[in-house]
Amino acid sequence: MRIGLLTEGGYPYVSGEARLWCDRLVRGLKQHEFDLYALSRSERQEDEGWVALPPQVSLVRTAPLWSGPDEGPGIGRRARRRFAEYYGELARVVCAVEVGSASDPERAVPGTGTVPDGLDEHLAGLQADRFANALYGLAELARDTGGLGGALRSETAVRALEHACRAPGALRAAHAARVPDLLVVAAHIERALRPLSLDWYRHDGLGAVDLCHATSGGPAALTGLLARHFAGVPLLVTEYGVQLRAHYLASGDTAESAPARALLAGFHGRLAAEVYRRATLVTPGNTHARRWQERCGADRAKLRTVYPGMDASRFADVGEHPGCSDPDTLVWVGRIEPAKDLVSLLHAFAEVRREEPKARLRIVGAPAEGPDAAAYLAHCKALASQLFPDEADGAHAIGENPVSFDEIGGPEAPDLPDAYAAAGVVVLSSVVEGFPISLVEAMFCGRATVSTDVGAVVEVIGGTGLVVPPRNPRALAEACVALLRDPERRERLGAAARARALELFTVEQNITAFHGIYLEIVSHCPVRRYALDATGEPLPFAFPAEAHVPGSWTPPVLDDRFGPLPSWATEGPLTVPAAPGISGISEISEIPGIPEKEAVR
């Protein structure tokens, strides 16, 4: 089958998110043909180039989300009226109080304070329909006019947002929005809706694929929604990190005002709900992501958990030889940022040292992007120096700190398997976590783990490690000490963790799961394509079955080494005598291997 793989800031770019699992998926499904439709997030990402693509990738189309809006050819007066109508409706739904929220008490029956059964669901469906009609109306307008371009940032768009914020029933925070806030919101919505102006949905683009697979929510999934709307292509959405959750977490670190954050949260929430409603299937990467999707309106019947596939072979040597570890060493691996809560880990290690003076802590990783992460790393190093002064064996020996900070590729940790090989216990101290990749890597290495109960940690560990509450250094220290003092327990937990990881989190299980899902979707939701002749009448059999087989049909190789060729293999027309009483084909001249093709007579 032909798959349209939709990405945002990911595959096929070298620095893309989810690049590894997308590449493994494409390479693992060699029997399918893939068309890549990629949205880039920065100029730097485009300059870094693409990864090497396998031969089953037949088409790559890209579009930027980072550049300024394409003004396009401009739209006429009638189109401007349509734009004002559709965008105004979109803005009214985004600014409205969500049905069923705590800010929506007006639907209660007077004197009872309760809402009639089924009213919430009915009104929520009406809001979802209004958002969808406005969204697809803008998409059709963009198709008819060649793109919306600057219209999404025009004065008309800002005024529509302003009227929606002042309308009755709007969010309380929306009433406080000022013109600078509305400009920020309009610019953000324009970037999110940029796929509306792309020319990807024609019969020679996404209209020709059998299935769209969006590797994230947001603009990538919006591309799939439009392919479904214009060409009836079924949509599969995979989220290993829920886009809406990521927006909520990131909004707290921005300089945007409270009204702007409220309006953007409303827009992203409506878009996510529409994606989940229209998708044929949604595949979360874990139960934690699944709960977020259900809370955002996803139907449970559409959800299929598919764990990320990771390469277990690179950790095979360490996992098969667990005795090479240092029994007194705790190892932490990951990106250094405030969400990882290394401060609590350092305070916990101070208590560990009081119980186990020989214990050592290795922190392996580089700071995340941005100045805040670099400042956090400097703060952690300063804290480690204060808590653990350099120790020396004698008066003339050079002191050494029991806490070390290393980066992958350095002399102490040339690669990831070497970092885990030195661990007696692997520690995770995060306060915010999605799918804990470092824990799965430690499990592949057969290492016992101590981690905090956040994100999908409990689901991944599954009883093969110790879990403690987040932001609790004492509980973290007690769990580490318990494993450092019990080598037999460490060995049992490590062996069980490796067996669990090899069963659930390998590339093979991920590829097998998606292969089955692809076949299920295409068998239940085939794309209906119809061809018309010059008069507008449908052409039967215009898309034969062999048109769905990837590759090209090649003529058979005729070989006379094993005897004389049959009469039908010679050049010239093939005469087929008609059966008595049947007016059949009397002559066929189109023979595989013969260059000239004549009409069947």
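**Notebook: salt bridges, strands and cores**

I began with E294, which is partly exposed because its relative accessibility is 25%, and the cut-off for buried is under 20%. The model I am reading is a predicted one.

Entry on helix α11. I looked up the partner of E294 and found R290, the two side chains meeting in a salt bridge at 3.6 Å, N to O. Both residues lie in α11 (residues 287-295), 4 residues apart, which is about one turn of the helix. I noted R290 as partly exposed too, with a relative accessible area of 22%.

Entry on the open sheet. I then asked what α11 lies against, and went to the sheet first. The sheet is open and has 6 strands, in the order β3-β2-β1-β4-β5-β6, with parallel pairing. Its edge strands are β3 (57-64) and β6 (281-284), each of which pairs on one side only. Direction ignored, neighbouring strands here are turned by 15° against each other on average. Helix α11 packs on this sheet and touches β5 and β6, and its direction makes about 140° with that of β6. I also checked one pair inside the sheet: β4 (residues 211-214) and β5 (residues 235-239) are parallel and share 3 bridges. There, C212 has L235 in β5 as its bridge partner.

Entry on other salt bridges. How many salt bridges does a search of the whole structure find? I wrote down 26. One of them joins E89 to R130, with the closest N and O atoms 2.7 Å apart. E89 is in helix α3 (residues 77-95) and R130 in helix α4 (residues 119-145), so this pair ties together parts that are 41 residues apart in sequence. I have R130 as partly exposed, at 31% relative accessibility.

For a pair within one helix I took R277 and E274, whose closest N and O atoms are 3.2 Å apart in a salt bridge. They are 3 residues apart in helix α10 (residues 258-278), so about one helical turn separates them. Is each partner buried or exposed? R277 is partly exposed, with a relative accessible area of 30%, whereas E274 is buried, at 2%. I also recorded a network of salt bridges that links R61, D199, R202 and D204.

Entry on strand β7. I turned to β7 (residues 329-333), where 5 of the 5 residues are buried, so the strand is largely enclosed by the rest of the structure. Which way do its residues point? T329, V331 and V333 point one way, and L330 and W332 the other. With strand β8 (residues 360-364), β7 pairs in the parallel sense over 5 bridges. With strand β10 (residues 425-428), β7 also runs parallel, joined by 2 bridges. I followed V331 to both neighbours: its bridge partner in β8 is R362, and in β10 V331 stands opposite V426. I noted as well that β7, helix α13 (residues 342-355) and β8 make a right-handed β-α-β unit.

Entry on the cores. Last, I looked up the largest nonpolar core, which has 75 residues. Those touching the most other members are F83, Y87, L138, L148, L193, L196 and L206. Another core lies apart from it and has 35 residues, including L345, F349, C380 and L476. As general background, nonpolar side chains in soluble globular proteins tend to be buried together.

Methods
Residues numbered from 1 in each chain as written. Predicted model: local features only at pLDDT ≥ 70, side-chain atom pairs only at ≥ 80, totals over all residues. Heavy atoms only, no water. Buried < 20%, exposed > 50% of the residue type's maximum accessible area, 1.4 Å probe, protein only. Pairing = 2+ DSSP bridges. Right-handed = clockwise from strand over helix to strand, strands pointing away. Core = buried A, V, L, I, M, F, W, Y, C linked by side-chain atoms within 4.5 Å. Salt bridge = Lys/Arg side-chain N within 4 Å of Asp/Glu carboxyl O. Axes fitted to C-alpha atoms, helices over the stretch in contact; angles between N-to-C directions. Contact = heavy atoms within 4.5 Å.
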